[in-house]
Amino acid sequence: MLAAVAIGTLVAVARTAQGPAVEQATIQNPGYRLRSIWFRGLAVVAVIGFLLSLPAFPYYTRSQLASSQHYPVTALQFAFAMPAVLPIDTPIVLDVTATDVNHGVGIYDPDGRIVAQVQAMPGYTNSLSLMLKKPGQYVVLCLEYCGIAHHLMRAGFEVR
């Protein structure tokens, strides 16, 4: 049934496309002009969208980072060493590293939504700046396969 509809549509389009031959330039030039207008319109929409979303950019300024509290987070097979309590509505920086292999640190809010993620690598410290706005128990999961017990690698902390 669907094939019959598709074939019928193709035949109808082919019948309406019949007519005298037209020079390519008469079709090509308006097509390029329309494409140029379309591209410029999309560029304007993209720039406006970028400018409107700039205030909601999730990264802090240098002065905010300098005044933020830093908390160490260490990932190791198959656990996280991190503080048990973090402050609410306060700019903080998690200094994340690993002792053995690469790990992915995913932080989930009390509703189960991911709020931040960062890579934990041996010999390197990643600084994850964030502000936790919802009180409650947060869950931390490893997001990168790190070994046989990767699925058990979980931790948590309370935000208050």
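User: What stands opposite P72 in β4?

Analyst: D95 does. This is a predicted model, by the way, and the pairing is read from its coordinates.

User: What makes β1 and β4 a pair, and which way do they run?

Analyst: Two strands count as paired once DSSP finds at least two bridges between them. β1 and β4 are joined by seven bridges, so they pass that cut-off. Their direction is parallel.

User: Which sheet is that, and why are some strands called edge strands?

Analyst: The sheet is an open one of four strands, ordered β2-β1-β4-β7, with mixed pairing. β2 (79-81) and β7 each pair on one side only, which is what earns them the edge label. From one strand to the next, the twist averages 25°.

User: And what's the order in the sheet with five strands?

Analyst: That one reads β3-β9-β8-β5-β6, again open and with mixed pairing. Its edges are β3 (85-86) and β6, each with pairing on one side only.

User: How do you know that β3 belongs there, and how many bridges does it have to β9?

Analyst: β3 and β9 share two bridges and run in the parallel sense. The rule asks for at least two, so the pair makes the cut. V85 has E158 in β9 as its bridge partner. With β8, β9 has six bridges and an antiparallel direction; there, L141 is matched with R154 of β9.

User: What makes one face of β9 the covered one?

Analyst: The covered face holds A155, F157 and V159, while R154, G156 and E158 make up the uncovered one. If you read along the numbers, that pattern fits a general rule: in a regular strand, side chains alternate between the two faces of the sheet.

User: What joins β5 to β6, and what sits in the turn?

Analyst: Six bridges join them, and the strands run antiparallel. Together they form a hairpin with five residues in between, and G112 in that turn has a positive phi of about 85°. Along the pair, H103 stands opposite A120, and I107 stands opposite A116.

User: Why is H103 called buried or exposed?

Analyst: Buried means under 20% relative accessible area. H103, which is found in strand β5, comes out at 0%, so it's buried by that rule. Leaving out residues up to four places away in sequence, H103 touches A75, L76, Q77, A98, V118, Q119, A120, C142, E144, C146 and M153.

User: What makes the link between H103 and D100 a polar contact?

Analyst: The cut-off is 3.5 Å between N or O atoms, with one able to donate a hydrogen and the other able to accept it. The side chains of H103 and D100 are joined at 2.9 Å, so the distance fits. There's also the backbone oxygen of V101, which lies 3.4 Å from a polar atom of the H103 side chain.

User: C142 and C146 are both on that contact list. Why are they not called a disulfide?

Analyst: A disulfide needs cysteine sulfurs within 2.5 Å. C146 has the closest cysteine sulfur to that of C142, but 3.9 Å separates them, so that's too far for a bond. From the other side, the nearest cysteine sulfur to C146 is that of C142, and C146 is in no disulfide. The count by this rule is zero.

User: Are these two cysteines buried or exposed?

Analyst: Set against the 20% limit, C142 is buried at 8%. C146 is buried too, at 7%.

User: Why is S68 called buried or exposed, and where does it lie?

Analyst: S68 is in the loop between α3 (62-67) and β1. Its relative accessible area is 8%, so it's buried. Beyond its neighbours within four places in sequence, S68 is in contact with P91, I92 and V93.

User: What makes up the largest nonpolar core?

Analyst: It has 26 residues, and F80, L94, I107 and F157 have the most contacts inside it. Elements giving two or more residues include β1 (69-76), β4 (92-98) and β9 (154-159). β4 gives the largest share, four residues. As for F80, its contacts outside the four places either way include T74, V105, L141 and A155.

Methods
Residues numbered from 1 in each chain as written. Predicted model: local features only at pLDDT ≥ 70, side-chain atom pairs only at ≥ 80, totals over all residues. Heavy atoms only, no water. Core = buried A, V, L, I, M, F, W, Y, C linked by side-chain atoms within 4.5 Å. Buried < 20%, exposed > 50% of the residue type's maximum accessible area, 1.4 Å probe, protein only. Contact = heavy atoms within 4.5 Å. Axes fitted to C-alpha atoms, helices over the stretch in contact; angles between N-to-C directions.
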